[in-house]
Amino acid sequence: MLILRIGKSRKATRLAIEQINGQATGLGTKLRTAHQALLDKLLYYYGKQLTSVQSYGNWDHNSNTLPSLRTNNKQLSKALNCSTRTIINLRRRLKMAGLIAEEWRGSNSSYDLWLSLDLLHLETVGDPTNLAPAYLPPVKTLRHTVSCTVTRNTNKLNELSGGISAKVIEDQILLQKSAVDKSSEATQMAEKPRDIGQDTGSGYKASKAKPPATARDQRDTPAKKLRQKGTPHRELPDGLDAVLAHLPRADKHKLQRLSLFMWQTAKTSLYADAWLDERQEELGRIALAEYLAYSSPRLWKSGARQVADRIELVRRWIERRHKAGKKAFVPIPEIYFDFRNEKGFRATKSWYLKHRRNLARIKDQEILTKAVKEYLRSLEDGAAVGPQEALRRCLQRLGKRSPELAERFKEQIVNLAQEAA
């Protein structure tokens, strides 16, 4: 029996979206979080339906085609807590990208939907090999297409026009999910103690012996190179090359540029009035590079922006201390930016998380105030939108952001109605 591995398939979808966005020419052609959410829900439904048709249907996994997913806009809109029009727009964009294909059966009927085989990770019990490529249809050319070339994205419908393909996923790195946002994971990899070979008494644990590498593990593929992650040193390295030693050439150049950006930000914001020799500047850049070097290269850019934001928070803290007539300074870069120093720059992560939460609360209050004003305008004579429609729109918009925000809106509306009575 075929089994759809949801976790591996979701990682493949995230990688496909990243590849498509990297080839996109404008903001309007990129895939957003809502598209990812719809794909995740389609994978969930397809996994359940695949199990059902194998158990109670007449489909045989030895056949050369996969069954379709029978669904409709109402089911998907209810699952994602949005309107059917939103589902239609999301599906249209996913079809243009070549990630799904459909067989339309009418506005009021369910339709058959096929997911790209590049997004599916199909296994049999006891065999972790991905069997999805075995269901690729033979290559065909259609006379009515412009180029007469077809990308084999699905096992049912062919891509007919210039949509961006999500092919060759197996040679890319699997993506990771962040706790607060993508940038948090990049710096968290360096700030958390990790196995470095022996117990130092400061939170580091001895690494366990690994089994000997197999012939498959020794293959020098692009994905294998990207998955190689270095181990933090027990002390701050003497040179930047020691930090970059485990990275491919392209990633080395990328991290060199980002480390220079982070150091220039720190030098301008924190050491503008201080004299630093060349060695201290080099050590500061090395220490900042370590915040990103042991995480996924996909997260480096957002991680560097987070570091820059945390440096700005330190600068504001110093200014507030000086205005209050108190002393405030940062140590030399060699000490301050070393992530092994728990009382150094590493401690500003809690500042950053608190700052993000405060910004989110301010944004929530701003959105809530606008929604209340919109509802009050609907109560006026001659309003273009009635109270019921305004209430529905506000609840839908607030519910997408946070169910708690929608409840707060209801409470304020009830309080306003009681005060008016």
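Visitor: Where do Glu389 and Arg393 lie, and how many residues apart are they?

Guide: In this predicted model, both residues belong to helix α13, where they sit four residues apart, about one turn of the helix.

Visitor: What makes the contact between Glu389 and Arg393 a salt bridge?

Guide: The closest N and O atoms of the two residues are 3.0 Å apart, and the rule asks for a side-chain nitrogen of Lys or Arg within 4 Å of a carboxyl oxygen of Asp or Glu, so the pair qualifies.

Visitor: Why is Glu389 called partly exposed?

Guide: Its relative accessibility is 29%, and since buried means under 20% and exposed over 50%, Glu389 falls in between. Arg393, with a relative accessible area of 36%, is partly exposed by the same rule.

Visitor: Which residues of α13 are buried, and how do you know that they line one face of the helix?

Guide: Ala390, Cys394, Leu398 and Gly399 are buried. Seen down the axis of α13, the buried residues fall within an arc of 150°, so they line one face. What covers them includes α12 (348-378) and α14 (403-420).

Visitor: What makes Asp112 buried, and how does Arg70 count?

Guide: Asp112 has a relative accessible area of 6%, which is under 20%, so Asp112 is buried. Arg70, at 43% relative accessibility, lies between the two cut-offs and therefore counts as partly exposed.

Visitor: How do you know that the side chains of Asp112 and Arg70 meet in a salt bridge, and what does the pair tie together?

Guide: The N to O distance is 2.6 Å, which is within 4 Å, so the pair meets the rule. Asp112 lies in strand β4 and Arg70 in strand β2, so the salt bridge ties together parts that are 42 residues apart in sequence.

Visitor: Why are β2 and β4 called paired strands?

Guide: Pairing requires at least two bridges, and β2 (residues 69-71) and β4 have three, in the antiparallel sense, so they count as paired. Within this pairing, Leu69 stands opposite Leu113 in β4. Strand β3 (residues 100-103) is joined to β4 by four bridges, also antiparallel, with Ala101 opposite Trp114.

Visitor: What makes β4 mostly covered?

Guide: Five of the five residues of β4 (residues 111-115) are buried; Tyr111, Leu113 and Leu115 point one way from the strand, while Asp112 and Trp114 point the other way.

Key
Residues are numbered from 1 along each chain as its sequence is written. This is a predicted model: local features need pLDDT of at least 70, side-chain atom pairs count only at pLDDT 80 or more; totals for chains, interfaces and linings use all residues. Side-chain values use heavy atoms; hydrogens and water are left out. Buried means under 20% relative accessible area, exposed over 50%, partly exposed in between (1.4 Å probe, protein chains only). The arc is that of the directions from the helix axis to the C-beta atoms. Contact means heavy atoms within 4.5 Å.
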